[in-house]
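Here are a few notes to keep beside you on a first look through this one. Have the viewer open and click along as you read.

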Amino acid sequence: MEQFDVLRALNDADRWIERVIAQREHLPELDELATLEGELRSLLVALQDAQNAAAPVRAAYLAAQETAKKHLTRVSDLERALATSTGSARELSAMQHELEQVRERVAAAEDEELNRLLELEPLDDSVAAIKARAQPGVARRVELQVAAAQLRATLDEEIAALRESRAELAHSLEPQWRQRYDAAMARVGISGAATVDAGRCDGCRIALSPLDYDRFRHLAPGVAMDCPECGRLLLP
Ligand SMILES: [Zn+2]
């Protein structure tokens, strides 16, 4: 291959590698994933708030249930004792009095239990609603993570193959051309050469001055000039 053809091919290869790398870094799946992660984080905060709101109410509900149970046990004990008692009228009266008091406590604890339960239900409902809202997002997140990983693996393979053929092209360049190309690429990135399209360097997109453009068009065969702006080799 003629040196300018090799340079053109090398330049195309480098630009192509750059495009694939950019594609790898800006997968639409990753954008969607970032948005989704944000939504899931907000839902997680909402879920924690809802759970925190429900926790003390649930504790109070369970405590009232426990209190009612305890008093109910005392009621049955007293009822049994009264039914079988052989004590004096005074003792019986005292037991009767306690029984009334404990029954009142049972009623109070059961009221508390019911009130707390009524308070707890909507709080539990909102916890369940937040979980239901998050569920499709959690599933979608897994899909996106898998898809992004697969795409990245495919693009990594493509980049590796492109770099391999790029290395072969670079190898078939004569040292002086390779040095100029590599130096320009190291300075400006992406690629080390450019073509001139309608008077503009297609590497930096800046128009050549009339003088430089004229010089470019009248170069001797096998001679190349650098872009005065970006320094890339301008290929005829
Ligand atoms: Zn340029």
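What follows is a set of numbered points on this predicted model.

1. Start with helix 3, which covers residues 89-171. With 83 residues at 1.5 Å each, helix 3 should span 123 Å, and its end C-alpha atoms sit 117 Å apart, which agrees. Look for a kink of about 30° at Ala134, shortly before the proline Pro136.

2. Which residues of helix 3 are buried? They are Ala109, Glu113, Arg116, Leu144 and Leu169. The packing partners of these buried residues are helix 1 (3-25) and helix 2 (28-84).

3. Now pick out Glu157, which also belongs to helix 3. Glu157 counts as exposed because it has 10 C-beta neighbours inside 10 Å, and the cut-off for exposed is 12 or fewer. Try a distance from here to Gly87: the two are 70 residues apart in sequence and, C-alpha to C-alpha, 95 Å apart in space.

4. Leu27 makes a nice contrast to look at next. Leu27 sits in the loop between helix 1 and helix 2. From Leu27 to Asp156 there are 129 residues in sequence, yet the C-alpha to C-alpha distance is 13 Å. Setting aside neighbours within four places in sequence, Leu27 is in contact with Ala148 and Leu151. Leu27 is partly exposed, since 16 other C-beta atoms lie within 10 Å of its own.

5. On helix 2, have a look at Glu79. Is Glu79 buried or exposed? Neither fully: 14 C-beta neighbours inside 10 Å make it partly exposed. The C-alpha atoms of Glu79 and Arg105 are separated by 15 Å, with their positions 26 residues apart along the chain.

6. Helix 1 is worth its own stop. Its 23 residues reach 33 Å from first C-alpha to last, close to the 33 Å expected at 1.5 Å a residue. The buried residues here are Val6, Leu7, Leu10, Asn11 and Asp14. What covers them includes helix 3, helix 4, strand 1 and strand 3.

7. Next comes the sheet. This is an open sheet of three strands in the order 2-1-3, with mixed pairing. Strand 2 (200-201) and strand 3 are at the edges with a single partner strand each, so one side of each has no neighbour in the sheet. Helix 1 packs on this sheet, touching strand 1 and strand 3, and its direction makes about 110° with that of strand 3.

8. How do the strands pair? Strand 1 and strand 2 run antiparallel, joined by two bridges, and Val196 has Cys201 as its bridge partner in strand 2. Strand 1 and strand 3 pair in the parallel sense over three bridges, and Ala193 has Leu233 as its bridge partner in strand 3. If sheets are new to you, strands pair through backbone hydrogen bonds, either parallel or antiparallel.

9. The largest nonpolar core has 15 residues, and those touching the most other members are Leu7, Tyr181, Cys201, Leu233 and Leu234. At least two residues of this core come from each of helix 1, helix 4 (175-188), strand 1 (193-197) and strand 3 (233-235). As background, nonpolar side chains tend to be buried together in soluble globular proteins.

10. Zoom in on Leu234 from that core. Which residues is Leu234 in contact with, leaving aside its neighbours within four places in sequence? The list is Ala194, Val196, Cys201, Phe216, Ala224, Met225, Asp226 and Cys227.

11. A few backbone angles deserve a second look. Most residues other than glycine have a negative phi. Ile190 is not a glycine, but has a positive phi of about 65°. Ile190 lies in the loop between helix 4 and strand 1 and is partly exposed, with 17 other C-beta atoms within 10 Å.

12. Arg205 is another non-glycine residue with a positive phi, of about 70°. Find Arg205 in the loop between strand 2 and helix 5 (210-217). Arg205 is exposed, with 11 other C-beta atoms within 10 Å. Finally, strand 1 and strand 2 form a hairpin with two residues between them, and Ala198 in that turn has a positive phi of about 50°.

Methods. Residues are numbered from 1 along each chain as its sequence is written. This is a predicted model: local features need pLDDT of at least 70, side-chain atom pairs count only at pLDDT 80 or more; totals for chains, interfaces and linings use all residues. Helices (H or I, at least four residues) and strands (E, at least two) are DSSP runs, numbered from the N terminus. The expected span of a helix is 1.5 Å times one less than its number of residues. The bend at a residue is the angle between axes fitted to the seven residues ending there and the seven starting there. A residue is buried if 20 or more other C-beta atoms lie within 10 Å of its own, exposed if 12 or fewer, and partly exposed in between; C-beta atoms are placed from the backbone. Two residues are in contact if their C-beta atoms, placed from the backbone, lie within 7 Å. A nonpolar core is a set of buried Ala, Val, Leu, Ile, Met, Phe, Trp, Tyr and Cys residues joined through C-beta atoms within 7 Å. Two strands pair if DSSP finds at least two bridges between them. Axes are lines fitted to C-alpha atoms, for helices over the stretch in contact, and angles run from 0 to 180 degrees between N-to-C directions.
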